[in-house]
Amino acid sequence: MSTPLIEIKNLSAGYDSRTVLRDVNLTVYDRDFLGIIGPNGGGKTTLIKCILGLLKPTAGEILYRVTTAPNNNPAPLVDSAANPQFSTLNSQFSMGYLPQYNSIDRKFPITVEEVILSGLSSQKSLISRFTASHREKARQVIARMGLEGLEDRAIGALSGGQLQRALLGRAIISDPELVVLDEPSTYIDKRFEARLYELLAEINHDCAIILVSHDIGTVLQQVKSIACVNETLDYHPDTGVSEEWLERNFNCPIELLGHGALPHRILAEHKHGEGCGCCHCEH
Ligand SMILES: Nc1ncnc2c1ncn2[C@@H]1O[C@H](COP(=O)(O)OP(=O)(O)OP(=O)(O)O)[C@@H](O)[C@H]1O
């Protein structure tokens, strides 16, 4: 069994006085590939915000593995209560984040290269410039993302898929311990989607991935473990989830169809618009 990278304990979170997540417990392991599914408004992005340190939980805590020990062995998880010198999110824990497409301000005057380099901002001081090796790293990431020739283009002049690739480049350029992707394939075409999942498989050799997606099919075929968030969290350590589990969590009839070794899930016949709240019923 791999070692834990992040442990979420009894976490609750919300906005103003409204609780969106309640009593969530979850362990993300080293080199995990965790898929997070759930209905619209179930709290997936809220959970991600908590993991990224962008939203303070109202209860519970999140523990991050402290940085690799000198002998290259992972250091144990730090209990923030027992070790007050550690904050729950320590600055040495590196995470890359691909936000939801609609949260990006495309008018922001920044080029593809600058977006990707900004993933290395924590490796330099505010006023110093990026070094030649930072720029070389950016060049490699631009090539990996298939964005050669677009280095100097402003993000407002990119297609949706190109922008998502630039943002993925930013998320991975620092070789983080965890990459968090919120709906990464929204605007990505089929050709790059296949490449995207190849890339994620490559990245997953060295770091853990949390992938939020409405596309249960893609999630089940890519991930090693799966969680469904709908105010509370239900976790499966592998992807062999049952129809019953999916139906309970999506509150919508779902059929699993055999597809090689993995289940290939599809929604069962059901009436749309009955307010079950699943993403498919909104279409
Ligand atoms: N900044 C905010 N202020 C107030 N309420 C919020 C805020 N962000 C999200 N919410 C509410 O919290 C609930 C959970 O939202 P969240 O974005 O976490 O859900 P989600 O599962 O990611 O949804 P989706 O699948 O639609 O992306 C929703 O009811 C949403 O309206």
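By class, the shell around the ligand in this predicted model comes out as two nonpolar, seven polar and one charged residues. The residues concerned are Tyr 15, Val 20, Gly 38, Asn 40, Gly 41, Gly 42, Gly 43, Lys 44, Thr 45 and Thr 46. Helix α1, spanning residues 44–52, gives the most to this shell, with three residues.

Stepping back to the whole protein chain, the secondary structure adds up to seven helices and eleven strands. Of the 283 residues in the chain, 37% are buried. Contacts also reach a long way along the sequence: taking those between residues at least 6 apart, 66% join residues at least 24 apart.

Two open sheets are described here, starting with the one built from three strands. Its order is β2-β1-β4, and the pairing is antiparallel. The edges are β2 and β4 (59–64), each of which pairs on one side only. Neighbouring strands are turned by 15° against each other on average, if direction is ignored. Between β1 and β2 there are eight bridges in the antiparallel sense, and Ile 8 has Leu 26 in β2 as its bridge partner. On to β4, strand β1 (residues 4–15) is joined by five bridges, again running antiparallel; here Ser 12 is partnered with Ala 59. As for the chemistry behind such pairing, strands of a sheet are held together through backbone hydrogen bonds, either parallel or antiparallel.

The backbone does a few less common things around these strands. Most residues other than glycine have a negative phi. The hairpin of β1 and β2 has two residues between the strands, and Asp 16 in this hairpin takes a positive phi near 50°. Asp 23 also has a positive phi, about 50°, although it is not a glycine. This residue sits within strand β2, and it counts as partly exposed because it has 14 C-beta neighbours inside 10 Å, between the limits of 12 for exposed and 20 for buried. Away from this sheet, Glu 183 has a positive phi near 50° too, and is likewise a residue other than glycine. Glu 183 is found in the loop between β6 (178–182) and α5 (190–203). With 19 C-beta neighbours inside 10 Å, Glu 183 is classed as partly exposed.

At the end of β2 comes Tyr 29, in a strand that covers residues 18–29. It is partly exposed, since 18 other C-beta atoms lie within 10 Å. Once neighbours within four places in sequence are set aside, Tyr 29 is in contact with Ser 2, Thr 3, Pro 4, Leu 5 and Ala 208. The last of these makes for a long hop in sequence: Tyr 29 and Ala 208 are 179 residues apart along the chain, yet 7.1 Å apart in space, C-alpha to C-alpha.

The other open sheet has six strands in the order β5-β6-β7-β3-β8-β9, with mixed pairing. Strands β5 and β9 (232–236) form its edges, each pairing on one side only. From one strand to the next the twist averages 15°. At one end, β5 and β6 pair in the parallel sense over four bridges, with Leu 98 opposite Leu 181 in β6. At the other, five bridges join β8 (residues 225–230) to β9 in an antiparallel run, and Val 229 has Leu 233 as its bridge partner in β9. Helix α1 packs on this sheet, touching β3 (33–37), β5, β6, β7 (208–212) and β8, and its direction makes about 155° with that of β6. That is the helix that also gives the most residues to the ligand shell.

Edge strand or not, β5 (residues 95–98) is covered on both faces: Met 95 and Tyr 97 on one side, and Gly 96 and Leu 98 on the other, are all buried. In a regular strand the side chains alternate between the two faces of the sheet.

Finally, the largest nonpolar core holds 63 residues, and those with the most contacts inside it are Ile 36, Ile 116, Ala 166, Val 179, Val 180 and Ile 209. Helix α4 (residues 160–172) gives the most to this core, with six residues. Leaving aside neighbours within four places in sequence, Ile 116 is in contact with Ala 138, Val 141, Ile 142, Ala 166, Gly 169, Arg 170 and Ile 173. One of these partners, Ala 166, is itself on the list of residues with the most contacts in the core.

Terms used
Residues are numbered from 1 along each chain as its sequence is written. This is a predicted model: local features need pLDDT of at least 70, side-chain atom pairs count only at pLDDT 80 or more; totals for chains, interfaces and linings use all residues. Two residues are in contact if their C-beta atoms, placed from the backbone, lie within 7 Å. A residue is near a molecule or strand if its C-beta atom, placed from the backbone, lies within 6 Å of it. Ala, Val, Leu, Ile, Met, Phe, Trp, Tyr, Cys and Pro count as nonpolar, Asp, Glu, Lys and Arg as charged, and the others, Gly among them, as polar. Two strands pair if DSSP finds at least two bridges between them. Axes are lines fitted to C-alpha atoms, for helices over the stretch in contact, and angles run from 0 to 180 degrees between N-to-C directions. A nonpolar core is a set of buried Ala, Val, Leu, Ile, Met, Phe, Trp, Tyr and Cys residues joined through C-beta atoms within 7 Å.
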